[in-house]
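Colleague: Hello! I am new to this one, so could you walk me through it, one question at a time?

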Amino acid sequence: MEATLPCNATPVHGEPPAPAPIDATDTVDSSNMSETVARDTSDRAPGGVRPPAQAVPSAKPERKAAHRFVLGAGKHLATLGIALVAVLISVATWQHYVTAPWTRNGSVRVQVANVAPQVPGKIVELRVADNQFVHKGDVLYVIDPFDFEVAVRVGKALLDQRAADLEVKQAEFDRRQHLSNLATTPEQQQIFAGNAAQAKAAYEAAAHQLAQAELNLKRTSVTSPVEGYVTNLLLRAGDYAVTGVSNISVIDSNSFWIDGYFEETKMAGVCVGDRAEAQLVGYAKPLQGHVKTVTRGVSVSNAASGTQGLPNVDPIYTWVRLAQRVPVRIAIDTVPPDVPLISGMTATVTIRQPSSEPQSRLERFRTTFLDPVADLFGAGRPPRTNCLQAISPQRPEVEAVPYSREPAVPPAATIAPGLTPGLDASPRLP
C-alpha cells in the first residue's frame, strides 16, 4: 500500500521537492525578484533539499493607503474647485443680469424735418426721389410761380407810383415852408405837410408789400432745411401744396441718437458722461457713445383722474412688481463703417465705467465681485454723486435755420429821381 506524502514533506532518495501551491492573491514585486531567487538558492540544504519557505514582508498595504488618501484628497479638492467655479459663475451671472447697467430695450432715434410750403399753389416740378440724399438748401420741389411773379411786378409799379407821389408832395411842402405868411397861410402849410406825410406812409407800405411779394416768389422753390435723406415720399408733380401742411419728410443725418430704456433698479449705475456701447441687432461691431441726458419724468397712470375727478389707481399684485423703465439718451460718438444707422432699429445698450475715472485692481475686484454679492444680500452699493448733473455746466447749443428779414425801405429819390430838381428847374421823368 502506497503512503501519500504531504505536499510540504521532504521527499526521499534526493528527488526534487514538489512545487508549493501559489495563492492567487499573492504577487511578487519585480524589484525583489532577484533577491528572492538568491535567497532560495542559498537556503537550500545539502542534497538539494530546501527548508520550508518563510513569509517575506511586503510594502503593498502602505502604498494602497497612500493611494487611497491621494484619491480622496483629489476628489475633495475637485469638488471644492467645482463649487468655487459655480459660485463665481453665479456671482458673475447675477452681476450681469441683475445689477449691471445694461438693457436690451434700446432703439435708434433721429430727428425728422417735416417740410411744409409757406405759399399755396400747384407743384410743377419735383426734383427728389424717395430715400435720396439731399444737402441743406437743395430744392425739393417748385410751386407754380406765375401768380407770385405778377404780384412782384404789381408791387414794383405801385412802389414807383408812391415814390413819385411822395417826391412831389414833399417838394410842395418844402416850398410852403420857405414862403412868408403873406404868400401862404398856416392852414395851407398844414395841408401840404399832411399830404407829404400821407405820401410817405403810402410809399413805405408799397415798399413792404413789394418785399413780401418778392419773398413769396422765392418761397415757391421749397428747399431742404437739413442735410439728410428724403423718406416716405408720396408727393408727385401736379399735387396742390397747401400752406402749412407737411408733404415731404427729410431725416436729419446728423441727429441720430440711441434711447436706452433702463430698469429703475439699474439706474444707480448710470451717470451723465459714462461711456456706452450699443450693439445693433444683426451687426457684430458695437457703436461707441456716452450718456448725454437722463429723462427726469415718465408718465404715471395713477396720476390720471377718473370719474368725479378722483385718482384712478390701478390694482397690482403684491408678489409681482415690474420695475419702471427710465429713458436714457445715448449720444453716438463713433459708428463702424459697415453699420448703417436706421431709425427704429433695436439695440442692446451697456454702460461702461468712464475713462476719466481709472480704477485700481482692488476697486475692480470690489466692483466685479463684492458689490454683486452685497446686492445679492440686500446691502446695495452706494450711489455715485452728481450723476445726473442737476445744473448744466454750459448752455446748450442754439439750433437755428436761416430766416427772412425785411429789407430797409429805399429813399423815394432813388426810385423817382429828377421829379424835384429845384424851384427854378423843370422836373424830368426818370
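Modeller: Gladly. Let us begin with a term we will need: buried means under 20% relative accessible area, exposed means over 50%, and partly exposed lies in between. Please also keep in mind that this is a predicted model.

Colleague: Thanks! What share of the protein chain's residues count as buried?

Modeller: The cut-off to apply is under 20% relative accessible area. Over the 430 residues of the protein chain, the share that counts as buried is 23%.

Colleague: How many helices and how many strands does the protein chain have?

Modeller: Both kinds of element are present, and we will meet several of the strands below. The secondary structure of the protein chain comes to 14 strands and six helices.

Colleague: What is the order of the strands in the open sheet?

Modeller: Let us build it up from the pairs. Strand β5, residues 139–143, pairs with β6 in the antiparallel sense over three bridges, and β3, residues 121–126, pairs with β5 in the antiparallel sense, also over three bridges. β6 (221–223) and β8 (240–241) stand at the edges with a single partner strand each, so one side of each has no neighbour in the sheet. The order of the four strands is therefore β6-β5-β3-β8.

Colleague: Within that sheet, which residue of β6 is the bridge partner of Y141?

Modeller: Y141 belongs to β5, where L126 stands opposite it. Another β5 residue, V142, has S221 as its bridge partner in β6. For Y141, the bridge partner in β6 is V222.

Colleague: Is β5 largely enclosed or left open by the rest of the structure?

Modeller: Here the definition from the start comes in: a residue is buried under 20% relative accessible area. Four of the five residues of β5 meet that description, so the rest of the structure leaves this strand largely enclosed.

Colleague: Now the barrel: in what order do its six strands close?

Modeller: Two of the pairs show how β13 (325–334) sits in it. Strand β10, residues 257–263, pairs with β13 in the antiparallel sense over seven bridges, while six bridges join β13 to the antiparallel β12. Neighbouring strands of this sheet are turned by 40 degrees against each other on average, direction ignored. The pairing is antiparallel and the closed order is β1-β10-β13-β12-β11-β14.

Colleague: Which residue of β13 is the bridge partner of H290?

Modeller: Two other bridges to β13 give the setting: F262 has V326 as its partner there, and T293 has R329. For H290, the partner in β13 is A331.

Colleague: Is V320 buried, partly exposed or exposed?

Modeller: V320 is found in the loop between β12 (287–294) and β13. Together with Y317, W319 and L322, V320 makes a nonpolar surface patch of about 560 Å². Its relative accessible area is 45%, and the range between 20% and 50% counts as partly exposed. So V320 is partly exposed.

Colleague: Last one: among contacts between residues at least 6 apart in sequence, what share join residues at least 24 apart?

Modeller: This value concerns contacts in the protein chain, where contact means heavy atoms within 4.5 Å. Of the contacts between residues at least 6 apart, the share that join residues at least 24 apart is 78%.

Terms used: Residues numbered from 1 in each chain as written. Predicted model: local features only at pLDDT ≥ 70, side-chain atom pairs only at ≥ 80, totals over all residues. Heavy atoms only, no water. Pairing = 2+ DSSP bridges. Buried < 20%, exposed > 50% of the residue type's maximum accessible area, 1.4 Å probe, protein only. Patch = residues over 30% accessible without salt bridge, like charges linked within 9 Å, V, L, I, M, F, W, Y side chains within 5 Å. Areas by Shrake-Rupley, 256 points an atom, 1.4 Å probe, with all protein chains shown as cover. Salt bridge = Lys/Arg side-chain N within 4 Å of Asp/Glu carboxyl O. Axes fitted to C-alpha atoms, helices over the stretch in contact; angles between N-to-C directions.
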